[in-house]
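Please open the model in your viewer and keep the selection panel at hand. The stops below proceed from one selection to the next.

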There are 2 protein chains.
Amino acid sequence: MNEILSVNPEDFDCTVQSGVTRMQLNNYLRDTGLWFPIDPGADASLCGMCSTSASGTNAVRYGTMRENVLNLEVVLADGRVINTAGKGRRTKKTSAGYNLTNLFVGSEGTLGIITKASLKLFGIPEATVSAVCHFPDVQGAVDTTVQVLQCGIPIARIEFLDEVSIDAVNKYSKMDMKVAPSLFLEFTGTPSSLDEQAALVADLCSMNNGSDFKWAKDPEERSHLWKARHDILYACMALKPGSKPYSTDVCVPVSKLPEIIKRSKEEITKAGVCGPIVGHVGDGNFHVFFPVDQNNPEELQKIQEVSKKMALMSLEMNGTCTGEHGIGQGKRELLVQEIGETGIQVMKQIKQTLDPKGIMNPAKVFY
Amino acid sequence: MNEILSVNPEDFDCTVQSGVTRMQLNNYLRDTGLWFPIDPGADASLCGMCSTSASGTNAVRYGTMRENVLNLEVVLADGRVINTAGKGRRTKKTSAGYNLTNLFVGSEGTLGIITKASLKLFGIPEATVSAVCHFPDVQGAVDTTVQVLQCGIPIARIEFLDEVSIDAVNKYSKMDMKVAPSLFLEFTGTPSSLDEQAALVADLCSMNNGSDFKWAKDPEERSHLWKARHDILYACMALKPGSKPYSTDVCVPVSKLPEIIKRSKEEITKAGVCGPIVGHVGDGNFHVFFPVDQNNPEELQKIQEVSKKMALMSLEMNGTCTGEHGIGQGKRELLVQEIGETGIQVMKQIKQTLDPKGIMNPAKVFY
């Protein structure tokens, strides 16, 4: 089940079996000049990424799995096999019938098992450049993000790291960045358009009191920067040797980020735990990667409480209790508060009609 | 029901009631520097556009309604009211529960009535430039399109018109374009990035034997060009005075466009009817706007037969029987062929569970 079944370079699509991973696909595509950009960090299987509606650092430019799946083959609870867009179909758009594809994307395995996926592909950008900038507060980083988006700058990545995360990265990845709320940015395009973007973004950063703005143009320097970003979970764990990660994520309208990050930090401090914050700020989405001592149930409980409070704050601010991690078992109660009783009834009606015996990933998403 | 309930410029979103139209919203937004880009041509209501999953000329850049709706308020068949993403939620992404929003987008009113929609907004591009280029055949126009996409040129619109459509436009909109398969293109960005795009695209066109490449940089000239494109339905009707339009659309993987357009033209010629072809070529989607004499049932029948043959050809080529017009009543049988019996069963199970009495837009989408 780990075969790449077809790649159609002229049509910017491919079809893969359920075991094919993101990196396997991108290695295979290398000679075509194309890539599949959705990148949740880990080398996940693509059909798993469909099931959980994965996103990650590139979502600000390319969207999440929701926007990048053309068709799915799914085995239903009663053994029927369907192709959500019809067998072999792989058009960039369609208005033929219900959007079954996006009913299964993000359903966390509770409606059926995804055995094949047809995905969109994109041209690899001609040139890439990255940058880091540090701010006196979260507001400056968020204002810069909003202005970058307002100017229509085709930003490829825009990632927020708070001072705790920067400290972790400095120590783990041997860097010497200023310990302050920061943005990691990436731009793609033609070489001359990058120069233009560079100038504009440097201006916006300094308007918002950003400092130590630093371009990483050299591929090695760039790759060191993004490797550091991708290793952040390990960096956070290294802050407390012997700890295991407990991560949570919420997503709010971008303008609410400064407030929710401020209040989350207050809760983290009050609980006396370590909670580095890292966010896909262009989407309003951020994570806390708590390093937790497995032998300290009291600490775990405190972390779970902070995590729940953050989700409730997010709901207060028109946000969601999870931007990309999903509901699983831990956020089932929060999902009811987020969607409302009637919306949950409708979701359960769909679950009931497609899986009346409840055999598909039981006890996940709903009680 | 025609109120714009909120606009959040920093969050790039708005919420509208069901009667608000696309142009009403864009007029209202004018001072914010933002716009809602999905443009099916007509000044449709935004909730209607949700219901039919509208797209149009800007979809190659901004996607269709599927990618641009954040939340819907829906009245269900039994009177329950739900908010598909939870009341008031308007995050750019979420992985909380099933994607009910995209179950209702494109369901053509068969699952419930959409009474409110929260939509994504975008910054109005700094500068815009358009161009026209003519080709000896469809292949040249399609190859150019694929190469433009491969190069990652941030094309805003790329529209195909066959020689019959160009003739109609020349006559109706008083233009003197070369009567040949043509591309209408639009680019957006910063002024200097437009120059760069210009040079690259002019090269690609000439590599594919395009000729008479002409830039429309001046706003008046540009607006004349796109008005001509938007008036094309009327231009096609004017080819046969007194006629009414019968339009159809299909969508295939882009590489199949030359073949399906060639074969469609053969069918049109064989039937002896007039059938100008106009396409959103970047998405693999195209229309035929048949002018039909209402007093000639034989002609109507021929047109229906050509339309059906085109849909079947599209299905043969991994395509869909409708890229943006929807199923309605006319394509219900084709939908079964496209999705397959099992997929249709699943769609009908969902319809049955949400509308057991079949009172929501009865007899549409399914038999």
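Select B:Arg157 and B:Trp226: the charged end of B:Arg157 sits over the ring of B:Trp226, 4.6 Å from the ring centre. Please note that this is a predicted model. Now move to chain A and select A:Arg157, which lies over the face of A:Trp226 at 4.6 Å from the ring centre.

Keep A:Trp226 displayed and add A:Phe184. The ring centres of A:Phe184 and A:Trp226 are 6.1 Å apart and their planes stand at 85°, so the pair is edge-to-face. The pair links distant parts of the chain, 42 residues apart: A:Phe184 belongs to strand E10 (residues 182-189) of chain A, and A:Trp226 to helix H8 (residues 219-230) of chain A. Are these two rings buried or exposed? A:Phe184 has a relative accessible area of 0% and is buried; A:Trp226 is buried as well, with a relative accessible area of 5%.

From A:Phe184, follow strand E10 of chain A to its partner. E8(A) and E10(A) pair in the antiparallel sense over eight bridges. To find a point of contact, select A:Ser130, which stands opposite A:Glu186 in E10(A). Next, display strand E11 (residues 211-216) of chain A, with which E8(A) pairs in the antiparallel sense over four bridges. Here, select A:Ala131, whose bridge partner in E11(A) is A:Trp215.

Now select the whole of strand E8 (residues 127-134) of chain A. Why is this strand largely enclosed by the rest of the structure? Seven of its eight residues are buried, which accounts for the enclosure. As a guide to inspecting side chains, in a regular strand they alternate between the two faces of the sheet.

For the next stop, select residues 1-124 of chain A, which UniProt lists in an unreviewed entry as "domain: FAD-binding PCMH-type". Over these residues the chain is 19% helix and 26% strand, and the end C-alpha atoms are 27 Å apart.

Finally, turn to the aromatic pairs, of which the structure holds 14 over all chains. One of them is formed by A:Trp35 and A:Tyr62, edge-to-face at 5.7 Å centre to centre, with 90° between the planes. A:Trp35 lies in strand E3 (residues 34-35) of chain A and A:Tyr62 in helix H3 (residues 59-62) of chain A, so placed that the pair links distant parts of the chain, 27 residues apart. A:Trp35 is partly exposed, at a relative accessible area of 22%, whereas A:Tyr62 counts as buried at 12% relative accessibility. Add A:Phe122 to complete the view: ring pairs link A:Trp35, A:Tyr62 and A:Phe122 into a cluster.

How values were computed
Residues numbered from 1 in each chain as written. Chains lettered and ligands numbered in written order. Predicted model: local features only at pLDDT ≥ 70, side-chain atom pairs only at ≥ 80, totals over all residues. Heavy atoms only, no water. UniProt positions renumbered as here; feature names shortened; annotations may be inferred. Helix = DSSP H or I, 4+ residues; strand = E, 2+ residues; numbered from the N terminus. Phe/Tyr/Trp six-rings, centres within 6.5 Å; stacked < 30°, edge-to-face > 60°. Buried < 20%, exposed > 50% of the residue type's maximum accessible area, 1.4 Å probe, protein only. Lys NZ or Arg CZ within 6 Å of the ring centre and 35° of its normal. Pairing = 2+ DSSP bridges.
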